[in-house]
Amino acid sequence: MLSPLCSKLIKRKIPFFFVLFGICTSFIPVNDWKLKKFGKGVAVYNREIEGISIKELKAVTQIKTSLSSIISLLEDRATYPQWVYKCGKSYLVKKIADNEGIYYQNVLAPWPLDNRDFVVDVKVVQDAKTKTVMQRSTVVDGYVPTQPSTVRISMFNALWTLTPLKDGQ
């Protein structure tokens, strides 16, 4: 059974999840982010990436829920098609460790484009002192064969930083 937060996110099909999870392409710690949009409690930033024609995206928000609820939501790949924007399917390919796995995700594209897919190595670590959780996803090859009429995304990195606040948010 999904938590109330999960149910709320599924009903709204929050597109910023895909933006944050699906488009971030660099872990380079540069602070030249430009605010592009703010609405409904979500700030969306972007910045140039040297040598690449696409921009890196970052979304920042606060959610009043437990850290464990958010982590459960992110780990439940089977429900992604219910709430992740344009997700056709998502599943665990191989469990590496308790905090690491290889995952497949298919992204539905509008006609006349072909759907996209990617395979990522997802690692989750938690700082014992601050309780901040970081989930890093990096594209990997060799785990899932390419699919007909689907473009394999070959450049993909994402970082979720979940920082618990003192008031339970």
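The following exercises, each with a worked solution, concern a predicted model of a protein.

Residues are numbered from 1 along each chain as its sequence is written. In this predicted model, local features require pLDDT of at least 70 and side-chain atom pairs pLDDT 80 or more, totals for chains, interfaces and linings use all residues, and side-chain values rest on heavy atoms, without hydrogens and water.

**Exercise 1. Confidence**

Task: State what average pLDDT the protein has, and which stretch has pLDDT below 50.

Solution. The quantity pLDDT is the predictor's confidence in each residue, on a scale from 0 to 100. The protein averages a pLDDT of 83, and 81% of the residues score at least 70. Over residues 1–29, however, the pLDDT is below 50, although this stretch has 73 contacts in the model beyond near neighbours in sequence. A contact here means heavy atoms within 4.5 Å. Where pLDDT is low, predicted coordinates should not be read in detail.

**Exercise 2. Overall architecture**

Task: Give the number of helices and strands, their order, and the share of buried residues.

Solution. Elements are DSSP runs numbered from the N terminus, with helices being H or I of at least four residues and strands E of at least two. The protein has 4 helices and 9 strands. Read from the N terminus, their order is α-α-β-β-β-α-α-β-β-β-β-β-β. Of the 169 residues, 37% are buried; buried denotes under 20% relative accessible area, exposed over 50%, and partly exposed the range in between (1.4 Å probe, protein chains only).

**Exercise 3. The strands β1, β2 and β3**

Task: Determine in what sense β1, β2 and β3 pair, and which turn residues have a positive phi.

Solution. Two strands pair if DSSP finds at least two bridges between them.
- Step 1: β1 (residues 34–39) and β2 (residues 42–49) are antiparallel, with 5 bridges. Phe 38 stands opposite Ala 43 of β2.
- Step 2: The hairpin of β1 and β2 has 2 residues between the strands, and Lys 40 adopts a positive phi near 55°.
- Step 3: β2 is joined to β3 (residues 52–60) by 6 bridges, again antiparallel. Tyr 45 has Lys 58 in β3 as its bridge partner.
- Step 4: β2 and β3 also form a hairpin with 2 residues between them, where Gly 51 in the turn has a positive phi of about 85°.

**Exercise 4. Salt bridges**

Task: Identify which residues form a network of salt bridges, and whether Arg 47 and Glu 56 are buried or exposed.

Solution. A salt bridge is a side-chain nitrogen of Lys or Arg within 4 Å of a carboxyl oxygen of Asp or Glu. The whole structure contains 5 salt bridges.
- Step 1: The closest N and O atoms of Arg 47 and Glu 56 are 2.8 Å apart, and both residues are buried. Asp 32 is linked with Arg 47 and Glu 56 in a network.
- Step 2: Lys 55 pairs with Glu 48 at 3.5 Å between the closest N and O atoms. Lys 55 is partly exposed because its relative accessible area is 34%.
- Step 3: Asp 98 and Lys 95 form a salt bridge at 3.5 Å, N to O; both are exposed.

**Exercise 5. Buried positions**

Task: Establish where the buried residues of α3 lie around the axis, and which residues Thr 150 touches.

Solution.
- Step 1: In α3 (residues 67–75), Leu 67, Ser 69, Ile 70, Leu 73 and Leu 74 are buried. They lie on the same side of α3, because they cover an arc of only 165° around the axis. The arc is taken from the directions from the helix axis to the C-beta atoms.
- Step 2: Thr 150 belongs to strand β8 (residues 150–152). Its relative accessibility is 18%, so Thr 150 counts as buried. Leaving aside residues up to four places away in sequence, Thr 150 touches Asn 106, Asn 115, Arg 116 and Asp 117.
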